[in-house]
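Visitor: I'd like a close look at one part of this model: the place where the two chains meet. Could you walk me through it, and point out any unusual backbone spots along the way?

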Amino acid sequence: MPTFVYMTRCDGCGHCVDICPSDIMHIDKKYRRALNIEPNMCWECYSCVKACPHQAIDVRGYADFAPLGHSVRVLRDERKGTIAWRVKFRDGRVKNFLSPITTKPWGSAIPDFRNEAEPTQAERDSELLSFEPESIRLDDGGLHTLESNGLKLKEGVYY
Amino acid sequence: MGYKTITEDNIDILVVGAGLGGTGAAYEARHWGRDKKIVIAEKANIDRSGAVAQGLYAINCYMGTRWGENNPEDHVRYARMDLMGMVREDLAFDMARHVDSAVHKFEEWGLPLMKDPKRADLPEGDIGKGAYMREGRWQIMIHGESYKPIVAEAAKVNADKTFNRIMVTHLLMDDAQDNRIAGAVGFNVRTGNYHVFKSKTVICGAGGASNIFKPRSVGEGAGRVWYAPWSSGSAYALMIEAGAKMMQMENRIVLARFKDGYGPVGAYFLHLHTYTQNAYGDEYESKWFPALEKMVGKAYLDTENQHFSHKPIPTCLRNHAFISEVAAGRGPIHMVTVEAFQDPHLEEVGWENFLGMTVGQAVLWAATDIDPKYINPELTTSEPYVMGSHATGCGAWCSGPEDISGDIPEYYWGYNRMMTVDGLFGAGDAVGGTPHAFSSGSFTEGRLSAKAACKYIDDGKADGINVSQKQIDDRKEEIYKPLETYQVGSNEIVGGTVSPSYILPFPGLQRLQKLMDEYAGGVTVQYMTNDKLLNMGLAKLAILEEDLEKVGAEDIHQLLRAWELKHRHRTSECVVQHTLFREETRWPGYYYRGDKMKLDDDNWHVLTTSHRDRTTGEYKMEKQPLYHLVDEK
């Protein structure tokens, strides 16, 4: 409905509540476990399914068009940098898929600009963004302009 | 109400909404503003928010200038052609000349970009040899399940503070200087606390609008909209109510996608080389083109010579053929997958494409025993969406960069991506006229905005910001009113959801969707509308606005839905105003003006803008000149 939570697997940790982009994973006040309070606002984005440490959350396709008896399960591993999917059809056939999710140890390669050299006034006055122009073409070429590309902007009907 | 007021003062750059546009803004702002206070206010959790929350399997905007693949102007001409001429070409060129640098950074940060073994002779990238795997001329293929969390790290590292779970309801205006931005207010959707952000500049990175037209699936399946259900048109409502001039809001988009799951078709068409046919196995598109050519003119669709010109056919025109064929009784349209899927590699790409960005489509195929290796799946055309980063360009009217737009007074007023409200900038869906920006282009627009916002502050333009306590108190009362309305009203009924004194957010949303569908060209009327219907729609929207003063919210979660509904309503009103103003059918296949069924370049080869008066609510519509990039010689 689209996501739902198995009673015996959920311990109410709230990881799903923390991550849900649609604010629909809530903790049930009586059972102290998670539930989807608004299935028609669920995108089946699987953010909660991936975040659950106990595989307590699963998806049952939208009742409008999805018959019962299927499953699409996922295991996302940030440390290994992989995501594994298992697609089980209503008739029992199974397909497995494995993909990378990152090529670097998590968060290690992102610059904090506070540790980088300050931009110069010339750079501030230019049209360049950070790490440009080198990061655009990875050579010595500059930023494309109308002049460099032999163009002008002209009013009228052109196709 | 027992909710606390939490004030964040002296902010230099406030990023409202941190999808791909907002994250680009927060990241880049630190480069140009080392000592500036940069704060993010995000409705969900920045690690999984916005349209890319679920991941992406492709980056749809990458020039490849390093390998001589495309120049920025090539992309502008492509976007112009696809949008039937209606693009801010200065902004599009600017985005395209910077976008590759964003993609190269994503790769450095750990986003797995696929490499093409056939192009291994090209210079080495950060991982592995060779050039990126192309899906099509503009698209590269990625393993992007973690695209959003990776990019979110870059924003979090460089921002001073990230506030998750804040529904921003209004922008704050300067009380001392007319038409100048001063921050934003909203509430925490978990604690209920009132949050006030006083800021010198605001970069609006909020989302476009799903769910303003009645969706094809109205039960649980309403969640499986093409654009995320949390895209509540907040970008537009916030900007419209701040008095920003909007552009091209009539240019809603209809998507031809796999039926019900709305799984993407890009990789299928471009990489897997699948194709469509009608229920009887026939090619259908070309037979609709001669009549369509008469509607739009030979310049936009040349039935005889299109093949030789190598120009792709505009997306809306292909939609038109699809819609016409179904209406003629030869539906459904199928995607022919059984040929491509015999290749195990292509089969894997076909499935991983969904698992990487639209899991719901894989769930649907599993549930209905559709293995595209043996069965050709159905396609459909979606309900309309209003947004500005995919293949359409709704959004705010923004200034271009000095070196491109400087000589055009209508396109330039000092700061790149600044709107017609001083200190208010935008990125992604918020910026109008830059279709085909997609994820990487939205991130790039965020970066451009951030640099310009820093310059605006350094030039002293944001000095002496003044926000009165009255403005803050008035907004607080307004924000929590639905809770009070519910509390009072619910006492007069035994129980249930039906009250004579309030409407709840969901029934209110259904009313909005029904009227937009029937009066403004949704699916149940085959995307058809006219001047009479649009005027009736506006009258109904005005009455709905009165009723939304009486929207009730049982708890804080419903208060979130109440404000999302108000944002969707304001967006819808602007959409109808624009649709009424443009007296032609510019994009057959997206919508039709039954009273003006032809494209009219003599009168409407222009961009449309609207300005809603903050006090009277009156709209002023204008035509703006269209400048095209042409060769100097």
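Guide: Happy to, and keep in mind that this is a predicted model. Let's begin with the contact between the chains: 84 residues of chain B are in contact with 74 residues of chain A. On the chain B side, helix H3, residues 89-109, gives the largest share, with 10 residues. Sorted by class, that side of chain B has 33 nonpolar, 23 polar and 28 charged residues.

Now for the strands. Strand E8 of chain A (residues 151-155) and strand E20 of chain B (residues 627-631) run antiparallel and are joined by five bridges. If you want a spot to zoom in on, try A:Lys154, which stands opposite B:His628 in E20 of chain B.

A:Pro21 is another good place to stop. You'll find A:Pro21 in the loop between helix H1 (15-19) and strand E2 (25-27) of chain A. Leaving out residues up to four places away in sequence, A:Pro21 touches A:Cys45 and A:Ser47 from chain A, along with B:Ala44, B:Arg48, B:Ser49, B:Ala53 and B:Trp230 from chain B. A:Pro21 counts as buried because 27 C-beta neighbours fall inside 10 Å, and the cut-off is 20 or more. Back along chain A, A:Thr8 is 13 residues from A:Pro21 in sequence, and their C-alpha atoms are separated by 25 Å.

On to the backbone spots you asked about. Most peptide bonds are trans, and most residues other than glycine have a negative phi. In chain A, the bond from A:Glu132 to A:Pro133 is cis, with omega near 5°. A:Pro133 sits in the loop between helix H3 (121-125) and helix H4 (134-137) of chain A. Chain B has a cis bond joining B:Gly331 and B:Pro332, with omega about 0°. The loop holding B:Pro332 runs between helix H9 (315-330) and strand E12 (334-336) of chain B.

As for phi, have a look at the loop between strand E10 (256-258) and helix H6 (266-270) of chain B, where B:Asp260 lies. B:Asp260 isn't a glycine, yet its phi is positive, at about 70°. B:Tyr262 lies in the loop between E10 and H6 too, and its phi is near 55°, again positive in a residue other than glycine. Are these two buried or exposed? B:Asp260 has 22 C-beta neighbours inside 10 Å, so it counts as buried. B:Tyr262 has 24 inside 10 Å, so B:Tyr262 counts as buried as well.

Methods
Residues numbered from 1 in each chain as written. Chains lettered and ligands numbered in written order. Predicted model: local features only at pLDDT ≥ 70, side-chain atom pairs only at ≥ 80, totals over all residues. Helix = DSSP H or I, 4+ residues; strand = E, 2+ residues; numbered from the N terminus. Buried ≥ 20, exposed ≤ 12 C-beta atoms within 10 Å, placed from the backbone. Contact = placed C-beta atoms within 7 Å. Nonpolar A, V, L, I, M, F, W, Y, C, P; charged D, E, K, R; others polar. Pairing = 2+ DSSP bridges.
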